[in-house]
Amino acid sequence: MTEPTRPLPNFEESDTAPFWEGTRDRQLRFQRCNDCDTVIFHPRRHCVGCLGHDLIWHDASGQGTVYSYSIVRQSYHPFFRQHVPYVVAWVDLDEGPRLLSNVVGIGDPSSDVHCGMAVRVEWEPHGDYAIPLFRPL
Ligand SMILES: [Zn+2]
């Protein structure tokens, strides 16, 4: 019997493919508008600030802080069910993007995670690609 696996994105979807390509080298990429300097995440074709299309890819350091989080205590999906209780968190990267991920490497989610906590990206490999997760510093 095989282990249940995390549901994965389409790594070749046109708007997000450069982001997923970066994960091959464990680079956490985000876009910034070359016209108005708005940070854009999740990846897309246009700027959410000015609707322009001159977007530049940047590599984030992988360090950030927990903006907010929730503890999942029940799941019906076979992969996630084996991880309850687990933390889903909005993480603010030092460079500005905010992304939704998991905080891993903790003991008790009820006491070991808090808003403002410093975290660093950690990669969960899936073939050549990887999913960015976060671990407390
Ligand atoms: Zn813009």
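What share of the 137 residues of the chain count as buried? In this predicted model, the figure is 20%. A residue is put in that class when 20 or more other C-beta atoms lie within 10 Å of its own.

The secondary structure comprises three helices and eight strands. Their order along the sequence is α-β-β-β-β-α-β-β-α-β-β. The C-alpha trace spans about 45 × 35 × 25 Å along the principal axes of the chain. The radius of gyration is 16 Å, which agrees with the value near 14 Å that a compact globule of 137 residues would have.

Contacts along the chain can be sorted by sequence separation. Taking those between residues at least 6 apart in sequence, 49% join residues that are at least 24 apart.

The buried nonpolar residues come next. In soluble globular proteins, nonpolar side chains tend to be buried together. Here the largest nonpolar core has 13 residues. Those with the most contacts inside this core are A60, V66, A89, V91, V103, V119 and F134. Three elements give two or more residues to the core: β1 (28-33), β5 (86-93) and β7 (118-126). Of the core residues, four come from β5, and this is the largest share.

Which residues does V103 touch, leaving aside those up to four places away in sequence? The partners of V103 are V66, Y69, V87, A89, V113, V119, F134 and P136. V66, A89, V119 and F134, which are among these partners, also appear with V103 in the list of residues with the most contacts inside the core.

Methods:
Residues are numbered from 1 along each chain as its sequence is written. This is a predicted model: local features need pLDDT of at least 70, side-chain atom pairs count only at pLDDT 80 or more; totals for chains, interfaces and linings use all residues. The radius of gyration is taken over C-alpha atoms; the globule rule is 2.2 Å times the number of residues to the power 0.38. A residue is buried if 20 or more other C-beta atoms lie within 10 Å of its own, exposed if 12 or fewer, and partly exposed in between; C-beta atoms are placed from the backbone. Two residues are in contact if their C-beta atoms, placed from the backbone, lie within 7 Å. A nonpolar core is a set of buried Ala, Val, Leu, Ile, Met, Phe, Trp, Tyr and Cys residues joined through C-beta atoms within 7 Å.
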